[in-house]
Amino acid sequence: MKHEQTSERSARTGAAFALLAAVQAILNTSVTITSAAGPDIAADLDLGASGLVWAGAAYTLAFSGLLLLGGRVADLRGRRAGFRIGTAVFAAASLAGALVPGGGWLIAARLAQGAGAALAAPAAMALVADVFPGDAARRRAMAAWGGLSGVGAALGMQLGGATATWASWRWAFVALALIGLAVAVLAGRYLPTGPARVPGRVDVLGAALVTGGVAVLSLGLVAVGTHGWLAPAVLLPLAVGAALLAAFGVAENRVAAPLVPLSFLASRRRVAALATGMLAPIAGSTAAFLMSLYFQRVLGWSALRSAMGFGPYTLMLIAVSAGSVPIVARLGVRWTAALGLATMAGAFVLFSRISPDAAYLGAPLAGMLTLPIGIGLTAAAAVVAATRGVPHTQAALAGGAFNTTMLLGPTVGMALFASLADAHTGAGSSPEQAATDGYAFAFRAAAALFALAALASVSLRARRTPSPRPVRV
């Protein structure tokens, strides 16, 4: 009888984690789902280039801007309730996106998707701790959790490309809606309720300042690809966003119940973990964007073939996410992060060796197999470090903060490395060679960034409080 009860608890725990993992994956699938299907969406809805950019950016703007508020609401009002409501809103907005008659309606649906995701994602991450209350089991679950964002983003490109080629891009949104609806229904059966509601009010001023700051800052970064770094359309949002975030920091120090208590960011380890968590999606988004351009504009591949070219990357990322748990346990979070960052640097060195006549089985495939190893290890180490030692009443807030940095990563990466590639697209022997030169330069710059980050991680690990020197008499 005892064995049967243990087996039943284990099955329920596995089912609960599967539900949470499914939502974490599809929320990130939605980030990239319009990328591969972009031309078909633009043709179907009569969207121009700027409208297509907004169809992709609207989701991440709402998602990243509202995450801290979503995490605080989940902590105060109940995690399972927040998870179910957020997932249901995401599913309904996904279905609306499949049925939209025009581009403006699609952008509105993407904003609603992002709002639902901002409530569901931090609640899901907090519920992992409720599903695995033991410290060791929770660390293992969090290590596996770290790679789900990258897996979801990679699957988004393939789902968008496949549905656009074989049916309609609208079916990709239907798939998201069906998965989200199924999880929202099953959550009541398999997920724990979490701790009791915490009395308190939502910091409305802080929520408005941080939401506006993150959204406006992201808006400026999104505009870099169209206008360049020095255009007023870029500089003004960057300045306003920075000012709003600075005002948020001042306001949080003056309210009794802040949205983000300053004690939450008092740990340098946690701040470093949040910064490291941003680097993994920077790497993934940079490779996805520039290598997709390389496949299609230089090698002449179709959107579907380009998406399928990322198949080995996706499979490797799934394997690394599943296998990162013992590595983090053996090496510790900082050495795992350093190893992951160094591996990402090596992957971008491989990508920098592309040429207009390169075979896929050469540098492109080698980079596709190496990069997910680095991303998986870095993300696993970052999420474990970011959530370790967080008070139970701030678990969803930690999830919101971590997901915010993860979502800002692609925006920062696209603004930085896409602009570098564009600036160094020279007058080569052919248009293909000129484009390749730009991509290769951006890849070399990315390799340098991640190599420096790996060295910084090792240096932080090696720092010790110096022993007092003997006093000479």
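Student: Let me fix one thing before we start: buried means under 20% relative accessible area, exposed means over 50%, and partly exposed is what lies in between, with a 1.4 Å probe and protein chains only. What does V240 count as?

Tutor: V240 counts as partly exposed, because its relative accessibility is 35%. Please keep in mind that this is a predicted model, in which local features need pLDDT of at least 70 and side-chain atom pairs count only at pLDDT 80 or more, while totals for chains, interfaces and linings use all residues. Residues are numbered from 1 along each chain as its sequence is written, and side-chain values use heavy atoms, with hydrogens and water left out.

Student: Where is V240 placed, in which helix?

Tutor: V240 sits in helix α10, which covers residues 232–252; helices (H or I, at least four residues) and strands (E, at least two) are DSSP runs numbered from the N terminus. Its C-alpha atom is 43 Å from that of A136, a residue 104 places away along the chain.

Student: OK, zooming out, how many helices and strands does the protein chain have?

Tutor: The protein chain has 17 helices and zero strands.

Student: And why does the radius of gyration agree with a compact globule?

Tutor: The radius of gyration, taken over C-alpha atoms, is compared with a globule rule of 2.2 Å times the number of residues to the power 0.38. For 473 residues a compact globule would come out near 23 Å, and the protein chain has 22 Å, so the two agree. The C-alpha atoms fill a box of roughly 80 × 65 × 55 Å along the principal axes, and buried residues account for 53% of the 473 residues.

Student: What about contacts in the protein chain, how many join residues at least 24 apart?

Tutor: Counting a contact as heavy atoms within 4.5 Å, 84% of those between residues at least 6 apart in sequence join residues at least 24 apart.

Student: Got a concrete case? Which residues does A153 touch?

Tutor: Apart from residues up to four places away in sequence, A153 touches N28, T29 and T32. A153 belongs to helix α7, residues 148–166, and its C-alpha lies 7.9 Å from that of I33, although they are 120 residues apart in sequence. With 23% relative accessibility, A153 counts as partly exposed.

Student: Switching to S306, buried or exposed?

Tutor: S306 is counted as buried, because its relative accessibility is 1%. S306 is part of helix α12, residues 303–308, and, leaving aside neighbours within four places in sequence, it is in contact with S292, F295, Q296 and W301.

Student: Which residues form the aromatic cluster?

Tutor: The cluster is made up of Y294, F295, W301, F310, Y313 and Y360, where rings of Phe, Tyr and Trp (its six-membered ring) pair if their centres lie within 6.5 Å. Across the whole structure, the search finds 14 aromatic pairs.

Student: And T314, what is it in contact with?

Tutor: Leaving aside neighbours within four places in sequence, T314 is in contact with A154, L155 and Q158. T314 lies in helix α13, residues 311–331, and counts as buried because its relative accessibility is 2%.

Student: Last one: R189, buried or exposed?

Tutor: R189, in helix α8 (residues 170–190), counts as exposed because its relative accessibility is 56%. The C-alpha atoms of R189 and A16 are separated by 9.0 Å, with their positions 173 residues apart along the chain.

How values were computed: Rings of Phe, Tyr and Trp (its six-membered ring) pair if their centres lie within 6.5 Å; planes under 30 degrees apart count as stacked, over 60 as edge-to-face and the rest as tilted.
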